[in-house]
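Trainee: I would like a close look at one part of this model. Please take me through the sheet and what surrounds it, step by step.

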Amino acid sequence: MKKVFVSGCYDLLHSGHVEFFRQASNYGSLYVGIGSDATIQDLKGHKTLYSEKERLFMVKSIRYVQDAFINQGSGLMDFVPTVDFVKPDVFVVNEDGSTPEKKAFCRERGIEYVVLKRTPQEGLTARSSTAIKNAVCGIPTRLDLAGTWIDQPYVSQYAPGWAITISLEPTFEVRERCGLSTSTRNMIRKIWPYQLPDMDPEMLAKLVFCFENDPERSDGIISGAQDSIGICVPGLCRHYYNNRFWPEKIEVCPDEPVLSWLEEHLVMIPMEPRRPGCSVIEGKDITESKVKALAQAADDCWQAIMEHDLSAFAVAYKASFNAQVAMFPAMIQGCVQSYIDAYKDKVLAWKMPGAGGGGYLACVVTDATAFAEEHLEAIRLTIRRAK
């Protein structure tokens with residue numbers, strides 16, 4: 001009988017995992033690689049709910065599983081030593097766990113690569129770890145579209161300009177150190193663990209900004225206001241900075257045609273998180289001409305969005321990212337360039353959320369639905385609407 005291998009964290013073990021194991025076992029004797037506590041801490045920035053020993057015990061107890069092991073590697077490919085030990089004939093992943101790296105890895109080793117769609121057992125509700133987490137914590141996140149860094153006075157002192165953000169429903173796992181303002185989101189959860197309070201969004205954003213930037217904060221860093229505004233203000237938003245930490249003005253676009261248009265042209269590709277100790281401000285080179293280029297790109301981006309001009313949106317989106325990298329070249333250190341090279345001919349434009357250094361590649365595409373069907377690793381985005 002063929003040997004079949006799957007790998008994952010399985011921290012919130014649920015019926016979806018069991019059904020996945022059942023389907024995978026149809027290809028042969030099933031062996032499972034489980035992410036170690038250390039790997040999950042490194043990748044996701046938080047401790048596991050269940051220790052690796054508990055997770056190993058639970059997975060081994062499932063009748064579809066022949067045997068299970070704690071992966072001894074690290075990072076997103078932590079299963080490599082386990083694969084080398086098990087020597088499987090088939091590697092099975094679910095549709096949102098498929099990556100080009102896994103596919104290439106299997107091709108190099110002559111292992112059959114199988115991608116399964118997420119389907120629940122008949123009569124059961126579809127389950128996923130992300131959905132379970134979101135049921136517990138519905139705090140949104142944000143994606144910055146253009147003007148990133150302009151919310152810092154050491155940038156906007158050279159030229160004022162807009163930052164453009166969209167508030168996102170947490171319909172996917174919001175990973176730590178990946179550019180989606182998780183530090184601000186975690187600050188919010190200290191006050192409101194499950195949901196944002198029902199109050200004026202701009203006032204809420206300023207409260208969050210002030211709470212996160214406590215004057216006693218030991219690291220001396222002041223987080224940019226675009227994070228709190230992007231999270232707390234629903235819809236599409238732009239905020240104007242002029243050598244101050246808080247914007248002079250905030251403009252919101254809640255129009256459904258605009259938000260739906262953006263959702264159909266934006267996807268995110270997961271990358272490795274920003275490495276611990278990585279500093280994207282090292283080697284920064286901020287000049288008036290570079291900041292003016294950043295501000296102009298944000299103006300052009302907003303105009304293109306209002307006009308539903310996809311070609312102009314892609315040009316402005318890429319120009320904004322290029323302006324960021326010109327000032328902060330360390331944004332594309334680590335794994336970033338390899339992902340850009342892998343997708344640059346498949347998308348219209350790309351950038352990284354937040355400060356960069358890893359996390360996600362946020363891409364402009366012709367058709368997000370079609371792109372996600374062809375590239376199962378792609379994450380579709382849902383913009384948070386005003387109540």
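Mentor: Here is a walk through the sheet, then the loop and helices that come after one of the strands, and then two other places.

Keep in mind that this model is predicted. Start with the sheet. It is open and has 4 strands, in the order E6-E7-E8-E9. The pairing is antiparallel. Which strands sit at the edges? They are E6 (141–146) and E9 (249–253), and each of them pairs on one side only. From one strand to the next, the twist averages 25°.

Now look at one pair inside that order. Strand E7 covers residues 161–168, and strand E8 covers residues 236–241. They pair in the antiparallel sense, over 6 bridges. Find isoleucine 166. Its bridge partner in E8 is leucine 236.

Next, see what packs on the sheet. Helix H10 (residues 225–232) does, and it touches E6, E7, E8 and E9. The direction of H10 makes about 115° with that of E6. Helix H11 (residues 256–263) packs on the sheet too, touching E6, E7, E8 and E9. The direction of H11 makes about 95° with that of E8.

Go back to E7 and follow the chain. Serine 181 lies in the loop between E7 and H8. What is unusual about its backbone? Most residues other than glycine have a negative phi. Serine 181 is not a glycine, yet its phi is positive, about 50°. Is serine 181 buried or exposed? Its relative accessibility is 7%, so it counts as buried.

After the loop, look at helix H8 (residues 182–191) and helix H9 (residues 201–212). Their axes come within 10 Å and cross at roughly 100°. That angle is why H8 is roughly perpendicular to H9. Which residues meet? From H8 they are Ser183, Thr184, Met187, Ile188, Lys190 and Ile191. From H9 they are Val208, Phe211 and Glu212. By class, this contact has 5 nonpolar, 2 polar and 2 charged residues.

Compare serine 181 with a residue in another loop. Histidine 308 is found between helix H12 (288–306) and helix H13 (310–327). Its phi is also positive, near 55°, and histidine 308 is not a glycine. With a relative accessible area of 32%, histidine 308 is partly exposed.

Finish with helix H2 (residues 37–44). Thr39, Ile40, Leu43 and Lys44 are buried there. These four cover an arc of only 100° around the axis, so they lie on the same side of H2.

Technical notes: Residues numbered from 1 in each chain as written. Predicted model: local features only at pLDDT ≥ 70, side-chain atom pairs only at ≥ 80, totals over all residues. Heavy atoms only, no water. Axes fitted to C-alpha atoms, helices over the stretch in contact; angles between N-to-C directions. Helix = DSSP H or I, 4+ residues; strand = E, 2+ residues; numbered from the N terminus. Parallel < 35°, antiparallel > 145°, perpendicular 65-115°, else oblique. Contact = heavy atoms within 4.5 Å. Nonpolar A, V, L, I, M, F, W, Y, C, P; charged D, E, K, R; others polar. Pairing = 2+ DSSP bridges. Buried < 20%, exposed > 50% of the residue type's maximum accessible area, 1.4 Å probe, protein only. Arc of directions from axis to C-beta.
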